[in-house]
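This note is offered to a colleague who is beginning to read protein structures. Please keep the sequence and the model in view while working through the numbered points.

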Amino acid sequence: MSSENSNTVQAEYQAGKAAFERGDYRKSVQHLEKAVALAESNTSLGGEIQIWLVTAYEAAGKQPEAIALCKQIIRHPDLKTRKQSRRLLYILEAPKLKTRPEWVTQIPDLTGLSDSEVRDRKGSAAISTKPTEKPAFQLEPEDLSQVNTQDNRFIWFALLAGLLIIGGLVWLM
């Protein structure tokens, strides 16, 4: 593999991983597919890229593609890749558990939001600022006339004990 081709593979691979970690699974699949096409599939790097592609397929909702690729790389020459593909295939083919609706938190679909909408940008001046509300819980000032300030002699006992300990240590030296 030429140096230029190697750089392109690494660039696509890193871009695919970064997109995956951002949650942009569609772009991750695109970058990783390019990297797989350019890389030598029988190398450890080629296997690593294919494992990432399997996880990107699954995250993008392309489970049949993920399972098919995973079954293909079970016979990969690299031992680490074979082990990972077996583990992934086991997970991908596992039966789906049934859940109750009250157990699931629905995450809103944000794919319809445009990147260029001003109100979606952090720190934008177009965002309306509402007056800040007072917090529901506020500490009230303590009435010092209600505080027990009577001497309980603990401080004198602690001071005396500290002096005895220090005196004992000095006497032992």
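1. A residue counts as buried when its relative accessible area is under 20%. Ser28 has a relative accessibility of 0%, and it therefore counts as buried. The structure discussed here is a predicted model, and the values below should be read with that in mind.

2. The overall make-up may be stated next. The protein has six helices and zero strands, and from the N terminus on its elements run α-α-α-α-α-α. Of the 173 residues in the protein, 19% are buried. Among contacts with a separation of 6 or more, 47% are accounted for by residues 24 or more positions apart.

3. Ser28, introduced above, lies in helix H2. What does Ser28 touch, not counting residues up to four places away in sequence? Its partners under that condition are Gly16, Ala19, Phe20 and Ala56. In addition, the C-alpha atoms of Ser28 and Leu53 are separated by 7.9 Å, although these residues are 25 residues apart along the chain.

4. The aromatic residues merit a separate point. The structure holds two aromatic pairs. In one of them, the rings of Phe20 and Trp52 have centres 5.5 Å apart and planes at 90 degrees, so this pair is edge-to-face; the cut-off for that class is an angle over 60 degrees. Phe20 belongs to helix H1 (residues 3-22) and Trp52 to helix H3 (residues 44-59), so the pair ties together parts that are 32 residues apart in sequence. Ring pairs link Phe20, Tyr25 and Trp52 into a cluster.

5. The nonpolar interior follows. The largest nonpolar core has 21 residues, of which Leu32, Ile49 and Val54 touch the most other members. At least two residues of this core are supplied by each of H1, helix H2 (25-38), H3, helix H4 (63-73) and helix H5 (79-92). Which helix gives the largest share of this core? That helix is H3, with seven residues.

6. Leu32 deserves a closer reading. Not counting residues up to four places away in sequence, Leu32 touches Tyr13, Gly16, Ile49, Trp52, Leu53 and Ala56. Two names in that list have already appeared in other roles: Ile49 is also among the core residues that touch the most other members, and Trp52 is also part of the aromatic cluster.

7. The packing of H4 against H5 can be described by its geometry and its residues. The axes of these two helices come within 9 Å and cross at roughly 145 degrees, and the crossing is left-handed. On the H4 side the contact is made by Gln63, Ala66, Ile67, Cys70, Lys71 and Ile73, and on the H5 side by Thr81, Arg82, Ser85, Leu88, Leu89 and Leu92. By class, the contact of H4 with H5 has seven nonpolar, three polar and two charged residues.

8. The final point concerns Gly47, which is found in helix H3. Is Gly47 buried or exposed? With a relative accessible area of 0%, Gly47 is buried. Not counting residues up to four places away in sequence, Gly47 touches Ser41, His76 and Thr81; Thr81 is also one of the H5 residues that make the contact with H4. The C-alpha atoms of Gly47 and Gln84, which are 37 residues apart along the chain, are separated by 9.6 Å.

Note on methods
Residues numbered from 1 in each chain as written. Predicted model: local features only at pLDDT ≥ 70, side-chain atom pairs only at ≥ 80, totals over all residues. Heavy atoms only, no water. Phe/Tyr/Trp six-rings, centres within 6.5 Å; stacked < 30°, edge-to-face > 60°. Helix = DSSP H or I, 4+ residues; strand = E, 2+ residues; numbered from the N terminus. Core = buried A, V, L, I, M, F, W, Y, C linked by side-chain atoms within 4.5 Å. Buried < 20%, exposed > 50% of the residue type's maximum accessible area, 1.4 Å probe, protein only. Contact = heavy atoms within 4.5 Å. Axes fitted to C-alpha atoms, helices over the stretch in contact; angles between N-to-C directions. Left-handed = near helix turned anticlockwise from the far one by under 90°. Nonpolar A, V, L, I, M, F, W, Y, C, P; charged D, E, K, R; others polar.
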